[in-house]
Amino acid sequence: MNSRKLSMLLAAAIALTAAGCGSSDSSGSSGAGNAPTASSSSSGAAAGGEAPVSITVNCMPPKTNAAQRTTFEEDIAAFQKQYPYITISKATDAFPCYEPRTFEAKLAGGELETVFYVNFPNVGRLMADGQAADITPYTSELKTFADYNSSLDLFKKDGKVYGLPTDGYGMGLVYNKEVFTKAGLDPNTPPKTWAEVQAAAKKIAGLGAGYVGFGEYSGNNVGGWHFSASLYGRGGSVITDDGTKAAFNTPEGKAVLENLKQMRWADNSMGSRLYIDWPALMKAMGAGKMGMMLGAPDVLISLRNDFGGKFENYAVTAQPEAKALFNGGAGYMINPKSTPEQIKAGLKWIEFEFLTPGKGQLDYVRAKGADLTVGQPYPDLYGADTPSGQAVVELRKANANIDAAQFAGWVEGSKGIPAKAEPGPYAQEIYKVLDTPMSAVLTRQDANIDQLLADAETKVNSLLASKG
């Protein structure tokens, strides 16, 4: 889960009802939005000798997201104009973009889209189960492929490539510069260690009623999500590398809870309110009296757009003492029943819409004109020294309508820290279990951390065993 991406993971925004995936169109999909289609390319060979091919896609922004829906539809039309032999016969916009409970049924029934959205925790399972096409033979046709950073590794298995990341984030420490100043803290030198976070939180809480030094989640799976992010930062893991056992009942896991317990009960710097779901903590941060929280850089945009925060008051720096960064995000894979022609066409759509500087999600000129934020350091998909990476940075700078300095501490401080993916395909179930120890240390002064971790370990082991 993630900040923009709990917003985007909750709002991930967008799609999966059914659409046919064969070379012939399928129209039996309730709730599916019909995409604009090329008018005459579906009959006869297209110019240049390419045979006509039809594909379907998902994760189209819903009508309730008018601005992004419009740009998506514009992009479909522009894509089909550029590739007149390719018809996007249907784009689905049901929620969510990826639904594990119906995925296998849709795949077996031939109703899964040609190009489908997947969040990072599920990539490994889909590759292992043969539920995504091997795109390795076709990656040489992608102009941007060679420029990918290490996020691409999530989509590799046994030397083969099964998908392309299109979004990603790493955790950091979000803080309110105005609150720092009021507490006598220097907003230009935010905390770099958890001891410094604790000390700063105490000063902020000392400002008086309503001020909270550090905020944290405690329920609705987001508590477990943030426990995982903190655990990764301390060098721990949620599950073993083979995905069969819990791995958080360790000194690192204990340190996460001990730190929160200390701030909550000894320092009284976390206040007494529980932030059970994602909007609750964001609303509190946006209100202007909270000093710090863990979050990805996109949190700043959401605070501005969705929670009434004064954008200029916030900044994000590197996660304190991080040995690994919780890495969430999403990408796209291709239906394994697709023909080679459909695979190639699907990859062209992914590259056009998500990976090409100046187009699709990276069309910063259009985004600026639509008063969408430009200048934040994500999505982070390419190596800094690659042509694509440099082009994206230059376009962002040229069209920025926000202060990139608010993200500079995160950009510089996170360099070289390895990314670590969410804990497997059952991450959400695991997060639900881990909500309990997070909630307990924030509600009970006598919470027994060793027992809480042991109980959670037993539950997660049972969960993983039941999944086979």
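## Two cavities and a buried strand

Select Trp194, Phe214, Glu216, Ser230, Arg234, Val256, Asn259 and Leu260: these residues line the second largest cavity. The model is predicted, and the cavity shown here has a volume of about 50 Å³. Now colour helix H8, residues 251-266; with three residues, H8 gives the most to this lining. Colouring the lining of the second largest cavity by class shows four nonpolar, two polar and two charged residues.

Keep Glu216 selected, as this residue lines the second largest cavity and also lines the largest one. To see the rest of the largest cavity's lining, add Ser218, Arg264, Met270, Gly271, Ser272, Arg273, Leu274, Tyr275 and Leu442. The space they surround has a volume of about 60 Å³. By class, this lining holds four nonpolar, three polar and three charged residues. How many cavities of 30 Å³ or more does a search of the whole structure find? The count is two.

Next, go to strand S4, residues 115-119. Five of its five residues are buried, that is, under 20% relative accessible area, so S4 is largely enclosed by the rest of the structure. Show the side chains: Val115, Tyr117 and Asn119 point one way from S4, while Phe116 and Val118 point the other way. Both sets are buried.

Finally, add strand S12, residues 325-334, which pairs with S4 in the antiparallel sense over five bridges. Which residue of S12 stands opposite Val118? Select Gly331 to find the partner position.

Definitions and conventions. Residues are numbered from 1 along each chain as its sequence is written. This is a predicted model: local features need pLDDT of at least 70, side-chain atom pairs count only at pLDDT 80 or more; totals for chains, interfaces and linings use all residues. Side-chain values use heavy atoms; hydrogens and water are left out. On a 1 Å grid over the protein atoms alone, a cavity is a set of points where a 1.4 Å probe fits but cannot get out, and a pocket is an open set with protein on both sides within 12 Å along at least five of seven lines; lining residues have an atom within 4 Å of a point. Grid points are joined across faces, edges and corners, and a volume is the space filled by probe spheres set on the points. Ala, Val, Leu, Ile, Met, Phe, Trp, Tyr, Cys and Pro count as nonpolar, Asp, Glu, Lys and Arg as charged, and the others, Gly among them, as polar. Helices (H or I, at least four residues) and strands (E, at least two) are DSSP runs, numbered from the N terminus. Buried means under 20% relative accessible area, exposed over 50%, partly exposed in between (1.4 Å probe, protein chains only). Two strands pair if DSSP finds at least two bridges between them.
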